[in-house]
Structures are given as C-alpha cells and as structure tokens.
Amino acid sequence: MALVSGAGSGIGAGIVRRFLDAGARVHGVGRRLDAVRSTAPDAVTGGTYVPHSLDVTDPVATQALTGELAREDPIDILVCAAGTNVTRRRFHQLTEESFDELVRTNLTGIFRAHSRHSRPDPRTGG
C-alpha cells in the first residue's frame, strides 16, 4: 500500500495517479478532502484509492491516521509530497509565523510520518 501526502494537487496528485496506473492501492492525504478526492474519482469509486483529510502539521492526527493505516495494511511506500509556501518569502519579508508554517509543513510533517512508520532495511543494516 502506498500513502501519499499532498495528494490533492501538484506532485502528490501526479504520484497518486502514477501509482494507481501501476496497480497500487493508494491512500492519499491532504488538507482539502474535496481536492484529494478529485485526484482520482474513478479509483475512489473502484476502491483502489482512499482519500483522507489530514493536516500534516497536526502531530496527533498524523500519528493517529498513519498508525491506523499501518495496522490495517502495512505502508510499503510513503511519499511525503505535502508542502506549502508563502507569498512574502524573501528572507527580510518572512515573519516568525510564516517561517514556522513553512517548517511545520515542509520539514516537521515529513519527519513525523517517516519516524513513526519507516522500517529498517535488513539488507543495509538500517
């Protein structure tokens, strides 16, 4: 099973479609459930794509959903494509709030997903 964050648009949506084309079962997550669902509506109906609403900056919700999915159907592929940007992004324009939003989404969310559910590769010793 593949779990893709940022599945409602851009790179994440494209990855969802490619995995579905290859025959994978995919769970897609994103902040806007309608956008996540619209990535592959036929696959939702067919049961090979399951959309979820999730804000990766919410540690409790991220841990709950990824833990539930991992127990039901182990996560074989984890793609962290969720990301955000701010319009005033030159260094002198950033505020503490906008910088924190960038870090929470683009770094911390990825760390949480990987650290909870990555499995060591016995072939490489880690």
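In which sense do strand 1 and strand 2 pair, and over how many bridges? In this predicted model, strand 1 and strand 2 (residues 26-30) pair in the parallel sense, over 4 bridges. Two of the facing residues can be picked out by name. Alanine 2 stands opposite valine 26 in strand 2. Leucine 3 stands opposite histidine 27 in strand 2. Helix 1 (residues 10-21) joins these two strands in a β-α-β unit. The unit formed by strand 1, helix 1 and strand 2 is right-handed.

Now step back to the whole sheet. The sheet is open and has 4 strands. Their order is 3-2-1-4, and the pairing is parallel. Strand 3 (49-53) and strand 4 are the edge strands, each pairing on one side only. From one strand to the next, the twist averages 15°.

Take the side of strand 3. Strand 2 and strand 3 pair in the parallel sense over 5 bridges. Valine 26 stands opposite tyrosine 49 in strand 3. Valine 26 also stands opposite alanine 2, in the pairing of strand 1 with strand 2. Further along strand 2, glycine 28 stands opposite proline 51 in strand 3.

Next, the side of strand 4. Strand 1 and strand 4 (residues 77-80) pair in the parallel sense, over 4 bridges. Here valine 4 of strand 1 has valine 79 of strand 4 as its bridge partner.

Side-chain directions come next. In a regular strand, side chains alternate between the two faces of the sheet. In strand 1 (residues 2-5), Ala2 and Val4 point one way, and Leu3 and Ser5 point the other way. Are these four residues of strand 1 buried or exposed? Ala2, Leu3, Val4 and Ser5 are all buried. Strand 2 can be read in the same manner. Val26, Gly28 and Gly30 point one way, while His27 and Val29 point the other way. Strand 2 is mostly covered, with 5 of its 5 residues buried.

Some of these residues also border a cavity. The count comes to 1 cavity of 30 Å³ or more. About 100 Å³ of space lies in the largest cavity. Of the 15 residues that line the largest cavity, the closest to its centre are Ser5, Val29, Val56, Cys80 and Ala113. Ser5 is one of the buried residues of strand 1, and Val29 is one of the buried residues of strand 2. Strand 1, helix 4 (59-72), strand 4 and helix 5 (96-117) each supply at least two residues of the lining. What classes of residue make up the lining of the largest cavity? The lining divides into 11 nonpolar, 4 polar and no charged residues.

Finally, the largest pocket. The largest pocket has a volume of about 320 Å³. Of the 19 residues that line the largest pocket, the closest to its centre are Gly6, Ser9, Arg31, Ala82 and Gly83. Helix 1, strand 2 and helix 2 (33-38) each supply at least two residues of the lining of the largest pocket. Helix 1 and strand 2 also belong to the right-handed β-α-β unit. By class, the lining of the largest pocket has 8 nonpolar, 8 polar and 3 charged residues.

How values were computed
Residues are numbered from 1 along each chain as its sequence is written. This is a predicted model: local features need pLDDT of at least 70, side-chain atom pairs count only at pLDDT 80 or more; totals for chains, interfaces and linings use all residues. Side-chain values use heavy atoms; hydrogens and water are left out. Buried means under 20% relative accessible area, exposed over 50%, partly exposed in between (1.4 Å probe, protein chains only). Two strands pair if DSSP finds at least two bridges between them. A crossover is right-handed if, with the strands pointing away from the viewer, the path from the first strand over the helix to the second runs clockwise. On a 1 Å grid over the protein atoms alone, a cavity is a set of points where a 1.4 Å probe fits but cannot get out, and a pocket is an open set with protein on both sides within 12 Å along at least five of seven lines; lining residues have an atom within 4 Å of a point. Grid points are joined across faces, edges and corners, and a volume is the space filled by probe spheres set on the points. Ala, Val, Leu, Ile, Met, Phe, Trp, Tyr, Cys and Pro count as nonpolar, Asp, Glu, Lys and Arg as charged, and the others, Gly among them, as polar. Axes are lines fitted to C-alpha atoms, for helices over the stretch in contact, and angles run from 0 to 180 degrees between N-to-C directions.
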